[in-house]
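Reader: I would like a close look at one part of this model, with the reasoning spelled out. Please take the charged pairs as the focus, and go on from there.

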Amino acid sequence: MTTTITETHGVDPTPTPLALLLLGREADPNSERGVECPGDLPAASDPDLVDRARAAKAALGDRVFILGHHYQRDEVIEFADVTGDSFKLARDAAARPEAEYIVFCGVHFMAESADILTGDDQQVVLPDLAAGCSMADMATAEQVAECWDVLTDAGIADVTVPVSYMNSSADIKAFTGKHGGTICTSSNAQRALEWAFEQGQKVLFLPDQHLGRNTAVRDLGLSLDDCVLYNPHKPNGGLTAEQLRDAKMILWRGHCSVHGRFSVDSVNDVRERIPGVTVLVHPECKYEVVAAADMVGSTEYIIKALDAAEPGSKWAIGTELNLVRRLAKAHPDKEIVFLDRTVCFCSTMNRIDLPHLVWALESLVEGRVPNVITVDAETEKYAKAALDRMLALP
């Protein structure tokens, strides 16, 4: 689902009805049944929402710690105690043991990671349980277990090390930990792959094929021919045993619905419209888009690059619109635009809005703990092992 930016420059398109649906401000009763919050959700039009959020947060004091992912709306980020990417936020939560409640303004897998890394006496709250991640959902525990059986039948499981992106479910992180693998972020994917190849001959990288391919080819010097794509919806992943044995990188067929929309045409178009522009994209973008860009880096890298950029410089950013728009506002001395004319919001991330945050905070004030995200002990044990291996990487 897409909306179109009509402005030649800028990153703040006028929302269409479809855009409002993607932003979570409208509902589709045919596709979003069962995602209502129990109790009374404040109306988005309530003029007292900001004051209510401030009052609830003040009443809770140090008992609550609010995390805001970079892709959240400004109205939510305003109340975040810290902002960052998913792993930074989970670590920030772990560093606040005095907080009884961790309110995670992000998506489900992020809240799971926070629960894994925080104490047993802390509770992680996700303001809207409908805030998921399509990429994380592209790899289920059953599918990955079946994949491992395929690798075993091909005689390569014992020389294959799983590396899972942080953007994965707790079940997938646990699978990774149980099979001697590690987790990575977009910032340390290169080091994680280097470590994995020190442990074995092959890597099973999931669930984001693009981060895996970009890191292997651009950073490690492997070729595209060294990579094969495992499709969980096809028998044996759509691959022969010989293809699996010849490959060095076995990439899961998953992707980010936002970053996957950027194209080489987007890059060429923005270069024509804005002479001298620097194109900076996230490594979740397709290989050909990354190859056509001037710079590639994680969310934190993008933020730091723009902070350090010269006044008057021109930038086209290939990542989620909320962050690009926030960066443009923070740097009025630079021209910062969204890479594409067509916008695909991260619809599930945007389900966390001010009404949901107010509802969650006021529920805590009233002594009710809503939408608690809990990872079972067995899953937590192995997921934490995989996370600990990442933390141990030099």
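Is glutamate 366 buried or exposed, and what can be said about the salt bridges around the chain?

Author: Bearing in mind that this is a predicted model, glutamate 366 has a relative accessibility of 55% and therefore counts as exposed, since the cut-off for that class is over 50%. Its side chain meets that of arginine 368 in a salt bridge, with 2.5 Å from N to O, and arginine 368, which has a relative accessible area of 42%, is partly exposed. Side chains of opposite charge can pair in this way when their charged atoms come close.

The count of salt bridges comes to 18, and a second one joins glutamate 78 to arginine 54, with 3.4 Å from N to O. This pair links distant parts of the chain, because glutamate 78 sits in the loop between α3 (74-77) and β3 (82-84) while arginine 54 belongs to helix α2 (residues 49-60), and the two are 24 residues apart. Glutamate 78 is partly exposed at a relative accessible area of 46%, and arginine 54 likewise counts as partly exposed, with a relative accessibility of 46%.

Another salt bridge is formed by aspartate 128 and arginine 351, whose closest N and O atoms are 3.2 Å apart. Aspartate 128 lies in the loop between β5 (123-125) and α6 (134-137), and arginine 351 in the loop between β15 (342-343) and α16 (354-365), so that the pair ties together parts 223 residues apart in sequence. In this pair both aspartate 128 and arginine 351 are buried. Salt bridges also link Asp46, Arg52 and Glu362 in a network.

Turning from charged pairs to a buried serine, serine 186 is found in the loop between β7 (182-184) and α9, and with a relative accessible area of 17% it is buried, because the limit for that class is under 20%. Leaving aside residues up to four places away in sequence, serine 186 touches Tyr165, Leu211, His282, Pro283, Ser298 and Thr299.

Leu211 appears again where helix α9 (residues 189-199) meets helix α10 (residues 209-219). These two helices pack at an angle of about 75°, with their axes 10 Å apart, and are therefore roughly perpendicular to each other. On the α9 side the contact is made by Ala189, Gln190 and Leu193, and on the α10 side by Leu211, Gly212, Thr215, Ala216 and Asp219. By class, this contact has 4 nonpolar, 3 polar and 1 charged residues.

Terms used:
Residues numbered from 1 in each chain as written. Predicted model: local features only at pLDDT ≥ 70, side-chain atom pairs only at ≥ 80, totals over all residues. Heavy atoms only, no water. Axes fitted to C-alpha atoms, helices over the stretch in contact; angles between N-to-C directions. Helix = DSSP H or I, 4+ residues; strand = E, 2+ residues; numbered from the N terminus. Parallel < 35°, antiparallel > 145°, perpendicular 65-115°, else oblique. Contact = heavy atoms within 4.5 Å. Nonpolar A, V, L, I, M, F, W, Y, C, P; charged D, E, K, R; others polar. Buried < 20%, exposed > 50% of the residue type's maximum accessible area, 1.4 Å probe, protein only. Salt bridge = Lys/Arg side-chain N within 4 Å of Asp/Glu carboxyl O.
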